[in-house]
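Let's take a walk through this structure together. Have the sequence and the 3D view at hand, and we will stop at a few places along the way.

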Amino acid sequence: MIQFSGVNKWYGSFQVLKDINLDIGSGEVVVILGPSGSGKSTLLRCINQLEVISDGDLTVNGFKVNHKKTNLNKLRQEIGMVFQHFNLYPHKTVLDNITLAPTRVRKLNKSEAEKTAMQYLTKVGIPDKAKSYPSQLSGGQQQRVAIARGLAMKPKIMLFDEPTSALDPEMIGEVLDVMRDLAKEGMTMVIVTHEMGFAREVADRIIFMDEGKILEMTKPSEFFENPKNERTKQFLSRIL
Ligand code: ADP
Ligand code: MG
């Protein structure tokens with residue numbers, strides 16, 4: 001589903017991604033760990049071309065994303081993304097936030113889109129909030145709306161960039177529960193998170209990045225119990 005092959009990226013003279021090689025299969029859940037500034041967000045954002053790779057090859061869902069002729073809108077339709085800050089439209093209701101892209105991009109009619117939106121709001125546990133505005137919701141509820149909004153486009157891949165980092169501790173669990181369900185249903189997911197318990201439980205593979213490189217790529221049990229790399233050990237000793 002996602003294939004990085006010798007990918008490098010520079011911001012000016014600063015190399016943010018260094019020789020990234022990574023194959024993510026359909027239905028796989030990959031968690032990316034690593035210290036701040038190691039390139040996790042950049043790697044994630046390359047997948048839907050919010051960032052452009054400098055060289056190497058990157059294929060996502062059959063699209064060569066670094067190819068000039070690739071239709072970016074088509075590529076992005078298949079990829080949902082959830083950010084640390086929920087990025088909901090404040091002046092639109094929850095329902096309108098969710099139906100916006102399906103009606104504009106997928107050209108669903110309003111009632112179809114609303115029906116789908118309600119299904120996903122039910123899935124994330126807040127169908128009763130359809131007519132509310134984002135400011136009337138808790139952070140955890142807003143993030144669940146953001147997830148429902150991503151799902152309403154019926155994506156093949158969901159990307160999550162620290163989806164619980166801006167939440168109060170008591171709200172983290174409800175968002176992780178939704179993500180756990182999605183993983184069980186076979187969604188292809190790439191997740192940057194600092195939630196180690198979740199990573200260990202849900203990930204098929206853990207990737208550890210430092211200074212733009214993938215230093216470790218292995219099963220969670222192996223990663224947490226038997227890390228190979230010295231920097232992985234340091235990282236784990238600081239957070240566990
Ligand atoms: P992480 O998500 O692991 O914290 P990022 O991918 O956000 O790391 O950033 C990796 C490095 O690239 C950081 O040193 C950051 O300062 C730098 N960086 C990120 N975005 C830009 C940009 N648009 N221009 C220049 N440098 C950037
Ligand atoms: Mg980041």
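**Around the ligand**

The shell around ligand 1 is made up of four nonpolar residues, six polar ones and one charged residue. This is a predicted model, so please read each of the details below in that light. If you would like to pick out the shell in your viewer, select Tyr11, Phe14, Val16, Pro35, Ser36, Gly37, Ser38, Gly39, Lys40, Ser41 and Thr42. Helix 1 gives the largest share, with three residues, and strand 2 (14–24) also supplies at least two.

Now zoom in on the oxygen atoms of ligand 1. One lies 2.5 Å from an N or O atom in the side chain of threonine 42. For serine 41, an N or O atom of the side chain is 2.8 Å from a ligand 1 oxygen. Serine 38 takes part through its backbone instead: a polar atom there is 3.1 Å from an oxygen of ligand 1. Taken alone, ligand 1 exposes 570 Å², and the protein buries 58% of that.

**The annotated domain**

Stepping back, an unreviewed UniProt entry annotates residues 2–236 as "domain: ABC transporter". In the model, this span is 37% helix and 26% strand, and its end C-alpha atoms are 27 Å apart.

**Two loop residues to look at**

Next, follow the chain out of helix 1 (40–47) into the loop before strand 4 (55–60), where you will find glutamine 49. Its phi is positive, about 65°, although glutamine 49 is not a glycine. Is this residue buried or exposed? Glutamine 49 counts as buried because its relative accessibility is 10%, and the cut-off for buried is under 20%.

Lysine 154 also has a positive phi without being a glycine, near 50°. You can find lysine 154 in the loop that joins helix 5 (139–151) to strand 7 (157–161).

**A group of phenylalanines**

Our last stop is aromatic. The whole structure holds three aromatic pairs. In one of them, the ring centres of phenylalanine 208 and phenylalanine 235 are 5.0 Å apart with planes at 55°, so the pair is tilted. Phenylalanine 208 sits in strand 9 (residues 205–210) and phenylalanine 235 in helix 9 (residues 230–239), so their pairing ties together parts 27 residues apart in sequence. Both phenylalanine 208 and phenylalanine 235 are buried.

Phenylalanine 223 and phenylalanine 224 make an edge-to-face pair, because their planes stand at 85° with ring centres 5.1 Å apart. Phenylalanine 223 is buried at 0% relative accessibility, and phenylalanine 224 is buried at 11%. Together, Phe208, Phe223, Phe224 and Phe235 form one aromatic cluster.

Terms used: Residues numbered from 1 in each chain as written. Chains lettered and ligands numbered in written order. Predicted model: local features only at pLDDT ≥ 70, side-chain atom pairs only at ≥ 80, totals over all residues. Heavy atoms only, no water. UniProt positions renumbered as here; feature names shortened; annotations may be inferred. Helix = DSSP H or I, 4+ residues; strand = E, 2+ residues; numbered from the N terminus. Buried < 20%, exposed > 50% of the residue type's maximum accessible area, 1.4 Å probe, protein only. Phe/Tyr/Trp six-rings, centres within 6.5 Å; stacked < 30°, edge-to-face > 60°. Near = heavy atom within 4 Å. Polar contact = N/O pair within 3.5 Å; in protein donor to acceptor, adjacent residues only side chain to side chain. Areas by Shrake-Rupley, 256 points an atom, 1.4 Å probe, with all protein chains shown as cover. Nonpolar A, V, L, I, M, F, W, Y, C, P; charged D, E, K, R; others polar.
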